[in-house]
Amino acid sequence: MTDRYAVVGNPVAHSKSPWIHAQFARQTGQAIEYGAILAPIDGFSRAVAEFRAAGGRGANVTLPFKQDAFRFAARSSERARAAQAVNTLVLDADVPYGDNTDGAGLIGDLQRNLGYDLAGKRVLLMGAGGAAQGVVAPLLEAGPSRLAIANRTARKALELAGRFPPATGGSYAELAGEQFDLVINATSAGLSDELPSLPRAIFAKGALAYDMVYGRDTPFLRVAREAGAAASDGLGMLVEQAAESFFIWRGVHPETAPVLAALRGA
Ligand code: NDP
């Protein structure tokens, strides 16, 4: 029987993960089938347990279930525990195992695809949800000179930063007067064409603005370009985090560049 995997989310119909994993499988000669599961907002655990009972070997987890997935996993990796969020579940072990490849995906995209060196840079991370939680530790490991976290609900940014000293956290307004070399938008604001209330002069000369949202030009990227910053969406992160999940399940590293190029061309 073909090994089965799936992405679980709500909504999930828009997900590019089935297509990406199909490309990885073809490229590496792995016989897998990868689908999409729409789980009810209050029914994540049941949906995944059913998939596992039916022979599902692994799952990716997307919005809004990454914290549910962390609770679902009986064992988890150090990076998933640091993030308290899981985007990759291994279901063919004795007990469900959770990992988080979002951070590796972001860093991989920044360093390999965009040639961006984080060392010594002033970095602002916008948002404090599942995606933001997954990238704080890997960002700090890359050696920025400063990491600030800002969120609409400032308390959450403060709590998140508190878990990762020397990161600092607070509201967008508190950043007035500061400038950053790299501004990462880990909010979902762009999905509804909204822009978090970022101070206008936030982008340092030569800054890079990175929006984890992909497949659309967000107000954040437009404002960044107007301010003279370089701008990138999160498509490369999506492909890189998927490749890391594929490696966890199959033990093979797929090549990401042709898959990203095909997605960009599409
Ligand atoms: P969550 O729902 O966990 O968190 C959403 C975050 O966005 C919160 O910090 C929330 O702030 C903030 N937010 C939402 N709307 C607004 C708004 N109008 N103004 C300001 N802040 C807002 O989502 P995730 O963290 O899981 O995902 C965030 C985004 O990142 C999604 O769009 C997702 O698609 C994308 N993503 C992309 C990946 C990739 O590979 N490219 C990987 C993972 C995620 P508050 O706390 O105040 O509600």
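Helices (H or I, at least four residues) and strands (E, at least two) are taken here as DSSP runs, numbered from the N terminus. With that naming, Pro-64 is placed in the loop between strand E3 (56-61) and helix H3 (66-72), in what is a predicted model.

**Backbone features**

The peptide bond that leads from Leu-63 into Pro-64 is cis, with omega near 0°. A cis peptide bond also joins Pro-165 and Pro-166, where omega is about 10°, and Pro-166 belongs to the loop between helix H7 (154-163) and strand E9 (168-170). Gln-84, a residue other than glycine, has a positive phi, near 50°, and is found in the loop between helix H4 (78-83) and strand E5 (88-90). As background to these entries, most residues other than glycine have a negative phi, and most peptide bonds are trans.

**Ligand site**

The ligand sits in the largest pocket. Two elements, helix H6 (130-141) and helix H9 (235-250), each give two or more residues to the shell around the ligand, and H9 gives the most, with three residues. By class, this shell has twelve nonpolar, nine polar and five charged residues. Of the 26 residues around the ligand, those that come nearest are Ala-131, Asn-151, Thr-153, Lys-156 and Glu-194.

Three polar contacts between protein and ligand are set out below; Thr-153 takes part through its side chain, whereas Gly-130 uses a polar backbone atom, and Gly-234 likewise contributes a polar backbone atom.

| Residue | Protein atom | Ligand atom | Distance |
|---|---|---|---|
| Gly-130 | polar backbone atom | oxygen | 3.0 Å |
| Thr-153 | polar side-chain atom | oxygen | 2.5 Å |
| Gly-234 | polar backbone atom | nitrogen | 2.9 Å |

Taken on its own, the ligand has 930 Å² of accessible area, and the protein covers 84% of this area.

**Aromatic pairs**

The structure holds six aromatic pairs, one of which is formed by Phe-24 and Phe-246, with 5.6 Å from centre to centre and 70° between the planes. How is this pair of Phe-24 and Phe-246 classed, as stacked or edge-to-face? The pair is edge-to-face, because planes over 60 degrees apart count as such. Phe-24 lies in helix H1 (residues 17-28) and Phe-246 in helix H9, so that the pair links distant parts of the chain, 222 residues apart. Helix H9 thus appears in this pair through Phe-246 and also in the shell around the ligand, to which H9 gives three residues.

Conventions:
Residues numbered from 1 in each chain as written. Predicted model: local features only at pLDDT ≥ 70, side-chain atom pairs only at ≥ 80, totals over all residues. Heavy atoms only, no water. Near = heavy atom within 4 Å. Polar contact = N/O pair within 3.5 Å; in protein donor to acceptor, adjacent residues only side chain to side chain. Areas by Shrake-Rupley, 256 points an atom, 1.4 Å probe, with all protein chains shown as cover. 1 Å grid on protein atoms, 1.4 Å probe; cavity = no way out; pocket = protein on both sides within 12 Å on 5 of 7 lines; lining within 4 Å. Sits in = over half its atoms within 2 Å of the grid points. Nonpolar A, V, L, I, M, F, W, Y, C, P; charged D, E, K, R; others polar. Phe/Tyr/Trp six-rings, centres within 6.5 Å; stacked < 30°, edge-to-face > 60°.
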